[in-house]
Amino acid sequence: MTDGLSWAAWCGVAGAAAALLTGRIVRWAEARGVIDRPNHRSSHVRATPRGGGLAIVAVTVLAALLTGWRDPAAAVRLAGALLPAVAV
């Protein structure tokens, strides 16, 4: 597999994993009442489950760890790119 196809495959797997995990977290949040109810300051009009973004963070961290294992130089670049996200 060429490098471009390899990265595309990794991105596809990461996207599918994030989508599946987000769905599971949303269902878990709905079952336990972890819901953001809209009010006058909300940007949404219906109740929205919280925590779906955790799946994206988990998959991103896992991808960063796998990248570091596979290519240490790329891991340094990725860590530098993700540093602002961690600071927030």
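1. The largest share of the nonpolar patch, 3 residues, is supplied by helix α2. The structure discussed here is a predicted model, and this note starts with the surface patch before turning to the pocket, the salt bridge and the overall fold.

2. The patch lies on the surface and is formed by W7, W10, L62, L66 and W69. Together these residues have about 590 Å² of accessible area. Two elements give two or more residues each to the patch, namely α1 (3–32) and α2 (53–70). One of the patch residues, L62, is found in helix α2.

3. Which residues line the largest pocket? The lining consists of W7, W10, C11, A14, T60, A63, A64, L66, T67, R70, L78 and L82. The space in this pocket amounts to about 240 Å³. The student may wish to locate W7, W10 and L66 in the model, since these names appear in the patch and also in the pocket lining.

4. Three helices contribute to the lining of the largest pocket: α1, α2 and α3 (72–87) each supply at least two residues. Helix α2 gives the most, with 6 residues. As to chemical class, the lining has 9 nonpolar, 2 polar and 1 charged residues.

5. How many salt bridges does a search of the whole structure find? The search finds 1. In general, side chains of opposite charge can pair when their charged atoms come close. Here the salt bridge joins the side chains of D36 and R50, with a distance of 3.5 Å from N to O. D36 belongs to strand β1 (residues 35–36), whereas R50 sits in the loop between β2 (48–49) and α2, so the pair ties together parts that are 14 residues apart in sequence.

6. Are the two partners of the salt bridge buried, partly exposed or exposed? Residues between 20% and 50% relative accessible area count as partly exposed. D36, at 26% relative accessibility, therefore counts as partly exposed. R50, at 47% relative accessibility, is likewise classed as partly exposed.

7. The fold may be summarised as follows. The chain contains 3 helices and 2 strands. Read from the N terminus on, the elements follow the order α-β-β-α-α. The chain has 88 residues, of which 14% count as buried.

Key:
Residues are numbered from 1 along each chain as its sequence is written. This is a predicted model: local features need pLDDT of at least 70, side-chain atom pairs count only at pLDDT 80 or more; totals for chains, interfaces and linings use all residues. Side-chain values use heavy atoms; hydrogens and water are left out. Patches are made of residues with over 30% relative accessible area and no salt bridge: like charges are joined within 9 Å, nonpolar side chains (Val, Leu, Ile, Met, Phe, Trp, Tyr) within 5 Å. Accessible areas come from the Shrake-Rupley method with a 1.4 Å probe; for residues, only the protein chains shown count as cover. A salt bridge is a side-chain nitrogen of Lys or Arg within 4 Å of a carboxyl oxygen of Asp or Glu. Helices (H or I, at least four residues) and strands (E, at least two) are DSSP runs, numbered from the N terminus. On a 1 Å grid over the protein atoms alone, a cavity is a set of points where a 1.4 Å probe fits but cannot get out, and a pocket is an open set with protein on both sides within 12 Å along at least five of seven lines; lining residues have an atom within 4 Å of a point. Grid points are joined across faces, edges and corners, and a volume is the space filled by probe spheres set on the points. Ala, Val, Leu, Ile, Met, Phe, Trp, Tyr, Cys and Pro count as nonpolar, Asp, Glu, Lys and Arg as charged, and the others, Gly among them, as polar. Buried means under 20% relative accessible area, exposed over 50%, partly exposed in between (1.4 Å probe, protein chains only).
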